[in-house]
Amino acid sequence: MDFAVSEGVAEGSAPAFVPSQPSRPAAAAASLFEPEEQLQAWQTDHTRAPIATKIVVAGGFGVGKTTLVTAVSEIQPLQTEALMTTASEDTDDLTATPDKTTTTVAMDFGRITLDDDLVLYLFGTPGQQRFWFMWDDLVRGAIGAVVLADTRRLPDCFPALDYFESCGLPYVVAVNHFDGSDEFAADDVREALTVPPHIPVLIMDARRRISVVETLLALVGHALDATPV
């Protein structure tokens, strides 16, 4: 422990020592290690083993995957965002998202606890085709996927739909409604994407936590129906 000499010591007497107060930089550094999240029941009671599940969030470029993970994660989400430069002008179409300045180059990661013991780990995939080689690793072990769609550019989600159809992973289609875009009914989107009748199609807002939670619950329910124990 650090010590400091007290002021006002009489001449000839032994100096008194008192513990010094931590400096502001030291206090600030200590605060970095304080837990910021509220502990869940399964974190405080070691006799309760959580049911951990992995979910993938996929879709086209700029469709809202990072926004979805950020909106619902109970921990600070891991993001691999990189600034977009002129080098990507020929490959990344910003017509529908002119204000987008960053892009995911590896993955997004977040966590949410549902129903006390059900823990969902969310993995957002990169949207650009040049990063699709990472999908096989990100999907391994997942119980299902959320395929985000933007009605202004529905064809962008076709690669994700084809991927999950080919690998047999249960998925739901979530239409992320953007401000200023036309609203369509879920049945109209289903018809436009030729999504099979047993696949849930939802209309949601990736910015709203409750909307994202409802989408995730729909996926968990669909995954249980598709792959019963």
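Me: Is R152 buried, partly exposed or exposed in this predicted model?
Reply: Happy to start there. Partly exposed runs from the buried limit of 20% to the exposed limit of 50% relative accessible area. R152 has a relative accessible area of 38%, so the class is partly exposed.

Me: Which residue forms a salt bridge with R152, the closest N and O atoms being 2.8 Å apart?
Reply: The partner is a buried residue, with a relative accessible area of 2%. The N and O atoms of this pair come within 2.8 Å, and the residue bridging to R152 is D150.

Me: Which residues do salt bridges that share partners join into one network with D150 and R152?
Reply: D150 and R152 form a salt bridge with each other. Through shared partners, the network that holds D150 and R152 also takes in R153 and D156.

Me: Is R140, which forms a salt bridge with D137, buried or exposed?
Reply: The closest N and O atoms of D137 and R140 are 3.1 Å apart. Exposed means over 50% relative accessible area. R140 stands at 57%, so R140 counts as exposed.

Me: What is the N to O distance in the salt bridge of R207 and D205?
Reply: D205 is buried, with a relative accessible area of 14%. The side chain of D205 meets that of R207 in a salt bridge, N to O, at 2.9 Å.

Me: Within what arc do the buried residues of helix α3 fall, seen down its axis?
Reply: Helix α3 spans residues 65-72, and K65, T66, L68, V69 and V72 are its buried residues. They line one face of the helix, because the arc they fall within is 160 degrees.

Conventions. Residues are numbered from 1 along each chain as its sequence is written. This is a predicted model: local features need pLDDT of at least 70, side-chain atom pairs count only at pLDDT 80 or more; totals for chains, interfaces and linings use all residues. Side-chain values use heavy atoms; hydrogens and water are left out. Buried means under 20% relative accessible area, exposed over 50%, partly exposed in between (1.4 Å probe, protein chains only). Helices (H or I, at least four residues) and strands (E, at least two) are DSSP runs, numbered from the N terminus. The arc is that of the directions from the helix axis to the C-beta atoms. A salt bridge is a side-chain nitrogen of Lys or Arg within 4 Å of a carboxyl oxygen of Asp or Glu.
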